[in-house]
Amino acid sequence: MQAWQVHENGEPSEVMRLAETERPVPGDGQVLLRVRAANVNFPDALLCRGQYQVRPPLPFTPGVEICGETEDGRRVIATPALPYGGFAEYAVADAAALLPAPEALDDAEAAALHIGYQTGWFGLHRRARLEAGETLLVHAAAGGVGSAAVQLGKAAGATVIGVVGGAEKAAVARELGCDVVVDRHAEDVVATVKEATGGRGADVIYDPVGGEAYAQSAKLAAFEGRIVVVGFASGTIPTPALNHALVKNYAILGLHWGLYNTKDPKLVRQCHEQLTELAARGAIAPLVSERVPLGGAAEAVQKVADGRSTGRIAVVTEEAA
């Protein structure tokens, strides 16, 4: 089979190499899946760079979420078991963690429903307890993680403010349903959001960026606001001033979605059921901006690493396309 392999750490476009390899052999409790579509995530870039919290042995195949097909023909969503990731014709995954692919979504959309939407659902509902009528601020609202949070926020009845970088991404955020869009390249984020909220700020702030975005979040948290820390796509991990959180009376909430798979997997399945229902009635629909063949995976990962993408890029196998 064909598979992208990383033999040394570095930038995705430089270290990912397409090779002819043997099909992986499933271990105990694992299954072999034919990859129908693999979604590109920022952690794939971190894996290539050797900067992710999980460091699989070299060589490995990146690709942390897929829509695949079992040997008996079932279409499923899975998180491949590294080092046999999803940017390949076949991958392996834990049998107990397989989720049925929603019938309402095609392969690329189904592959994009998993990590980003699960993270959004757990962050907004499990951690921040977002309520209808509240104001939700989403950083990087046109990206893969942010776009999922925007849709989930709208589905929950929140007023959604999206922060983006550039006019093209601003247009995408509006199409996603943001009530207010702030272009950080052209506007003062803090001043614009305060004006839009009558000086109150946001009840829930969803931050997959870190760095300057977190500094803005702290200034924009409303009374009893909740900042959900999802990731650090900026490359800068902030150091929160806890005296500021105390004085302004807001909460800082960390979210590591992967822990739920081991700590409370039934919640992951319950979340998937809710996401499937939302997809069935059209309340959410993963924004797949590009579908590329397997041969385009390295450039797709680099594009996400560089922040040049909107929504999700899906690597679709020729047979599934």
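A salt bridge here is a side-chain nitrogen of Lys or Arg within 4 Å of a carboxyl oxygen of Asp or Glu. Lys154 and Asp179 make one, with their closest N and O atoms 3.0 Å apart. Keep in mind that this is a predicted model. A search of the whole structure turns up 15 salt bridges, and here's a look at some of them, plus a pair of packed helices.

**Salt bridges between separate parts**
- Lys154 sits in helix 5 (residues 144–155) and Asp179 in the loop between helix 6 (167–176) and strand 10 (180–183), so their bridge ties together parts 25 residues apart in sequence.
- Both ends of that bridge are partly exposed: Lys154 has a relative accessible area of 32%, and Asp179 has 43%.
- Arg49 and Glu11 also pair up through their side chains, at 2.8 Å from N to O.
- Arg49 belongs to helix 2 and Glu11 to the loop between strand 1 (2–6) and helix 1 (12–15), so this pair links parts 38 residues apart in sequence.

**Another pair and a network**
- Arg281 and Glu277 meet in a salt bridge of 3.0 Å, N to O.
- Arg281 counts as exposed at 54% relative accessibility, while Glu277 is partly exposed at 42%.
- Arg34, Arg36, Glu69, Arg75 and Asp107 are joined in a network of salt bridges.

**Helix 2 against helix 12**
- Helix 2 (residues 42–49) packs with helix 12 (residues 297–305) at about 100°, their axes 8 Å apart, which means the two are roughly perpendicular.
- On the helix 2 side, Phe42, Asp44, Ala45 and Arg49 touch Val301, Val304 and Ala305 of helix 12.
- The residues in this contact split into five nonpolar, two charged and no polar.

How values were computed:
Residues are numbered from 1 along each chain as its sequence is written. This is a predicted model: local features need pLDDT of at least 70, side-chain atom pairs count only at pLDDT 80 or more; totals for chains, interfaces and linings use all residues. Side-chain values use heavy atoms; hydrogens and water are left out. Axes are lines fitted to C-alpha atoms, for helices over the stretch in contact, and angles run from 0 to 180 degrees between N-to-C directions. Helices (H or I, at least four residues) and strands (E, at least two) are DSSP runs, numbered from the N terminus. Angles under 35 degrees count as roughly parallel, over 145 as roughly antiparallel, 65 to 115 as roughly perpendicular and the rest as oblique. Contact means heavy atoms within 4.5 Å. Ala, Val, Leu, Ile, Met, Phe, Trp, Tyr, Cys and Pro count as nonpolar, Asp, Glu, Lys and Arg as charged, and the others, Gly among them, as polar. Buried means under 20% relative accessible area, exposed over 50%, partly exposed in between (1.4 Å probe, protein chains only).
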